Amino acid sequence: MTDDSNIYAVATPPGNGAIAIIRLSGENAIVVADRFFRSRNTAKQLVNQKTQSLHYGTITFKGEYLDEVLLSIFRAPHSYTGEDMVEIYCHGSLYIQQKIIQLLSGNGMRLAKPGEFTMRAFMNGKMDLSQAEAVADLIASESEASHRLAASQMRGGFSAAISKLRNELLQFTALVELELDFSEEDVEFADRRSMIEKIISIRELVDSLASSFRLGNAIKNGIPVVIAGRPNVGKSSLLNALLKEERAIVSSIPGTTRDYIEESVHIGGLLFRFIDTAGLRESDDTIESLGIERTLKKIDEAEVVIALAEASDSESYVHEFIESIRSKAGDSDKTIIIVANKTDVLPEYKEEMVLKSFANASDLPVLLISATNGTGIDDLKDMLLKSVDTGNLSAPQYIVTNARHYQALEETSASLGAVLTGFRNNIPTELITTDLRQAIYHLGEITGQITSDEILGEIFRNFCIGK
Ligand code: GDP
């Protein structure tokens, strides 16, 4: 996958900024930089400088002054990539950046591919694969929670947990295989019962990691929330109320199919993606008039459904509405919150009645709000936060955020399941060790102890250039 070529890339975003950073990595990085960098102290040569050192000077292009820069040197293996590295901090002008790049490519260096610096770091043993993937997640993280997960994965806690499981399985397999070597003598080095117990407990750990992916994925990509309700019930107004109180609006993405809009809001350190399907055609169809049909697909993808009705709606309407949402939601893990809107036009003495009639209509939690004057919006936010079980977030238990890791854990669990079945059915030990080896293989895929060029290519292609 890697070669020993010398690479460079602009590590800062494209365009004019105060400062731009150009990174160099490879055996010749320092020598090449030395050719066009003149230190303030003219006697100083970069090739003679220590690792982790910072230098101030000018860059000349064909003998002419180009820019005043700071330049840092990292010598192998004490660098991000594990190779000799130079970072040039120049002024952010595109012209200056281009000229420096010309100098580098004219000196036998080539532009790095996306993620190539991090891939070299992985290849040189500076980090394992799951840590390398966390670097990309950290760069992309948009909320406190996604940042925390990426940072923890980057620091290697998750890798260590996976490696520990893998080592346990390796020791275990070694014992079983030892028995095979002594098969003539019919010995058992490992007590079957305690072996089975051990495999069961490892498998439980693997399964609990795999099941954390649902939460991990939601945290990484934002928790999808659908606001369902018939036209004019106040879906857009509710969305606006949620957005208004939240200063850190992240983005507003028009849906790719143009039939919904998505707004992201940070609530309590988590990113929620509100999907609003309002403003679509109306129809006489009963389901459509409940406002379900058009949100159907979105309800399916959502973690949370806000079932929005008007406080003045009848018990039977609310009942029918909730039942139809439930039948579409299918998945029992989904949180459904019933919200009764427009309480501002309701006489106060009626609030108890509304709560009661809504509570009669289903067994779900009910909230009274007014999207117009903001009543109850904070309670709704609290309820949204509670709907996401983040209990694990601060505990030492790791949360899987990466689909590739999830897949590998699922396959590990399947192989361990086969091992257990094998033991229970007294299958010959040779066959059981094959499944054990499979489980070990899949765990190794996560940390990169087992990799293929194809997997590496896939992972690093999604990185930005310069990282
Ligand atoms: P949507 O079709 O479900 O998106 O509904 P809208 O948000 O467009 O609201 C429909 C109408 O109801 C608008 O005239 C809103 O001003 C009104 N509305 C929405 N929420 C409230 C509320 O809490 N109180 C009152 N009085 N009117 C509301």
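Contact here means heavy atoms within 4.5 Å. The model is predicted. The protein chain has 17 helices and 14 strands, and 49% of its 467 residues count as buried. Among contacts with a separation of 6 or more, 69% join residues 24 or more positions apart. The exposed surface of the protein chain is about 22,500 Å², with 50% of it supplied by carbon and sulfur atoms.

**Sheet and the helices on it**

- Helix α1 (residues 29-36) lies across β2, β3, β4 (53-61), β5 (64-74) and β6 (85-91), and runs at about 75° to β3.
- Helix α2 (residues 94-106) also packs on the sheet, where it touches β1, β2, β4, β5 and β6. The direction of α2 makes about 90° with that of β4.
- The sheet is open and has seven strands, ordered β3-β4-β5-β6-β2-β1-β7, with mixed pairing.
- The edges are taken by β3 (37-39) and β7 (110-111); each has a single partner strand, so one side of each is left without a neighbour in the sheet.
- Strands β1 (residues 7-10) and β2 (residues 19-25) run antiparallel and are joined by four bridges. V10 has I22 as its bridge partner in β2.

**Helix α6**

- Helix α6 covers residues 157-181, and its end C-alpha atoms are 36 Å apart. This agrees with the 36 Å that 25 residues should span at 1.5 Å a residue.
- Buried residues of α6 include F158, I162, L165, L169, F172 and V176. The polar or charged side of the list is represented by S159, S163, R166, T173 and E179, which are buried as well.
- An α-helix has 3.6 residues a turn, so residues three or four places apart point the same way.
- The buried residues of α6 pack against five helices: α4 (129-140), α5 (144-154), α7 (192-211), α15 (403-424) and α16 (429-447).

**Nonpolar cores**

- The largest nonpolar core has 32 residues. Those with the most contacts inside this core are L238, F272, F274, I306, V339, L380 and L384.
- Helix α9 (residues 235-244) gives the largest share of this core, five residues.
- Beyond its neighbours within four places in sequence, L238 is in contact with I227, I306, L308, I369, A371, I377 and L380.
- A second core, separate from the largest one, has 27 residues, among them L409, V419, I432 and I440.
- In soluble globular proteins, nonpolar side chains tend to be buried together.

Note on methods:
Residues are numbered from 1 along each chain as its sequence is written. This is a predicted model: local features need pLDDT of at least 70, side-chain atom pairs count only at pLDDT 80 or more; totals for chains, interfaces and linings use all residues. Side-chain values use heavy atoms; hydrogens and water are left out. Helices (H or I, at least four residues) and strands (E, at least two) are DSSP runs, numbered from the N terminus. The expected span of a helix is 1.5 Å times one less than its number of residues. Buried means under 20% relative accessible area, exposed over 50%, partly exposed in between (1.4 Å probe, protein chains only). Two strands pair if DSSP finds at least two bridges between them. Axes are lines fitted to C-alpha atoms, for helices over the stretch in contact, and angles run from 0 to 180 degrees between N-to-C directions. Accessible areas come from the Shrake-Rupley method with a 1.4 Å probe; for residues, only the protein chains shown count as cover. A nonpolar core is a set of buried Ala, Val, Leu, Ile, Met, Phe, Trp, Tyr and Cys residues joined through side-chain atoms within 4.5 Å.
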